[in-house]
Protein chains: 2
Amino acid sequence: MSTTQNKRPIGRPKANGRSKGINRKDLLETAARLFNDRGFHGTSIQDLATRLGVTKAALYHHVPNKQDLLYQLHMISLDAADKATAQAIEEGRTGIERLRLLVYHYLSAICASPTACLILLEDDALREDHAKEVIDRRRKLEYGLRELIQSGVDDGSIIPCDTKAATFVVVGAMNWVTKWYQPGGSWNAYQIADGISAILARSLASNPVSSLPTDISQPQLTPFALPSDPTTPDS
Amino acid sequence: MSTTQNKRPIGRPKANGRSKGINRKDLLETAARLFNDRGFHGTSIQDLATRLGVTKAALYHHVPNKQDLLYQLHMISLDAADKATAQAIEEGRTGIERLRLLVYHYLSAICASPTACLILLEDDALREDHAKEVIDRRRKLEYGLRELIQSGVDDGSIIPCDTKAATFVVVGAMNWVTKWYQPGGSWNAYQIADGISAILARSLASNPVSSLPTDISQPQLTPFALPSDPTTPDS
DNA sequence: AGATAAATTTAACGATCGTTTAGTTTTGTT
DNA sequence: AACAAAACTAAACGATCGTTAAATTTATCT
């Protein structure tokens, strides 16, 4: 490990607020949004450079190649999912509570951070070793969720069910969010996280709640404690 | 309309069973599978031709261009979804029944037919007018599902909820199936349709069923009548 | 069998892709 | 002000993309 390797992050804080130059955050966010919209293969380096207001050659000072950019985004997404899982297990007491918290934390994360918003496929585009790593981590995440559901069945908070099928339903509904969520829309990240997690939890709960939010853009009491919405002050 | 235009479908039945030549069904199925796996932009005409055992130029006798191939597949998928919706409305009596039937019929269709299995995005790749048409039809489908859920709220069979959010959950779980379903796997199309529709219906039912299938590969009694599984004889 | 049309191949086209090289500008440090 | 490192640009590379043109094979019908 050479000492020149561990240099400062790209795009150190600029004195002037103007958007000259590329910083790592903008680069990853823009790439994530483009990849998410048009797909990895449907997005050219030129597209990305144009959106960032630089030439495409400039990008190669911040990323070794296009493949690696996708890999970095996958890692960020997977880290977010790992974190959500760990938080859910720690904060929840029963299986159903943990399930709801997992969905809540994961959706909060991917909606709040435009960088963590893919997960969605395009494995073939990765280098073989990277693809293996991504697929393996995703498999472990899925299995973790399945075990979490099973633990809920065991503690009686979740209805006996085919845990594999249930996992697919939860994962599908969660991943779909990245396809319709719009940062400027009428729902913020925490409303979505709360509303979607309520529906999914109800599908598997032993004692399903008797009411769901009828308008998730309105604040409401949730069946059990969730982190409060930091963006909506009481009015 | 010239008389030479309305010719027989490509690949009319061959006397010999050997796989010489391209027929429309194989072409669309193979394209659907490749597009689904690697994405539209990630699949080259050469890939498709190789898989079909012909040269890429040969494909241009059956499809005007690559874009149109994607368009045709979108139309097939949307037709399947339209049909599932119509069937559900006709066969069901209450909103919740219709919801479950919609999921059941749609999943049966996309699992049983490898051609109807995308829906999943890649709109940008279409010609502008085609893209508009696809997006509009998809929007109508989504709105139809939302109205179906609302009708269930009105008739009391579905719990009051944010129907838009509920629609997203159902659509997400349904579309995700195309990402994990494997034709040769341990679940057949009808087991998946039954198992997934049961979970989704439970998430929104006013009177949620007290039990779900614990192993959807095993035949079981469903809460209300569904078309019987044509592939599983009684044992 | 011979005529006709459809199906497929070979070969090439311009365009665009991701990436690299070499040179220039900007920035931070002294 | 002078220097060095980093950031960026202009221009080009080979490869591959979707598509087309012309030639050839295969199948169908009389």
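## The surface near DNA strand C

The surface near DNA strand C has eight nonpolar, eight polar and three charged residues. In this classing, Ala, Val, Leu, Ile, Met, Phe, Trp, Tyr, Cys and Pro count as nonpolar, Asp, Glu, Lys and Arg as charged, and the others, Gly among them, as polar. This is a predicted model, where local features need pLDDT of at least 70, side-chain atom pairs count only at pLDDT 80 or more, and totals for chains, interfaces and linings use all residues. Residues are numbered from 1 along each chain as its sequence is written, while chains are lettered from A and ligands numbered from 1 in the order in which they are written.

Of the 19 residues around strand C, those that come nearest are Ser44(A), Asn65(A), Gly21(B), Ala57(B) and Ala58(B); a residue is near a strand if its C-beta atom, placed from the backbone, lies within 6 Å of it. Two or more residues each are given to this surface by helix H2 (45-52), helix H3 (56-59) and helix H4 (66-91) of chain A, together with helix H3 (56-59) of chain B. Helices here are DSSP runs (H or I, at least four residues), numbered from the N terminus.

## The surface near DNA strand D

Turning to the other strand, 19 residues lie around DNA strand D, and Gly21(A), Ala57(A), Ser44(B), Ala57(B) and Asn65(B) come nearest. The elements giving two or more residues to this surface are H3 of chain A and, from chain B, helix H2 (45-52), H3 and H4. By class, the surface near strand D divides into eight nonpolar, seven polar and four charged residues.

## How the two chains are related

Chain A can be laid on chain B with an RMSD of 0.0 Å by a turn of 180° and a shift of 0.0 Å along the axis. That is the relation of a two-fold axis. The superposition is by least squares on the C-alpha atoms of residues with pLDDT of at least 70 in both copies. Of the residues of chain A, Ser203(A) comes closest to the rotation axis, with its C-alpha at 1.8 Å.

The contact between the chains takes 36 residues from chain A and 36 residues from chain B, where two residues are in contact if their C-beta atoms, placed from the backbone, lie within 7 Å. On the side of chain A that touches chain B, helix H7 (163-180) and helix H8 (189-204) are the elements that give two or more residues, and H7(A) gives the most, with 11 residues. That side has 20 nonpolar, nine polar and seven charged residues. Because 100% of the interface residues of chain A are also interface residues in chain B, the copies meet through the same surface.

## Two domains in chain A

The domain assignment of chain A gives domain 1 (24-64) and domain 2 (67-204), with bounds that come from an automatic or database assignment. Their C-alpha centres lie 25 Å apart. In chain A, 12 residues of domain 1 are in contact with 12 residues of domain 2. The side of domain 1 that touches domain 2 divides into seven nonpolar, three polar and two charged residues.
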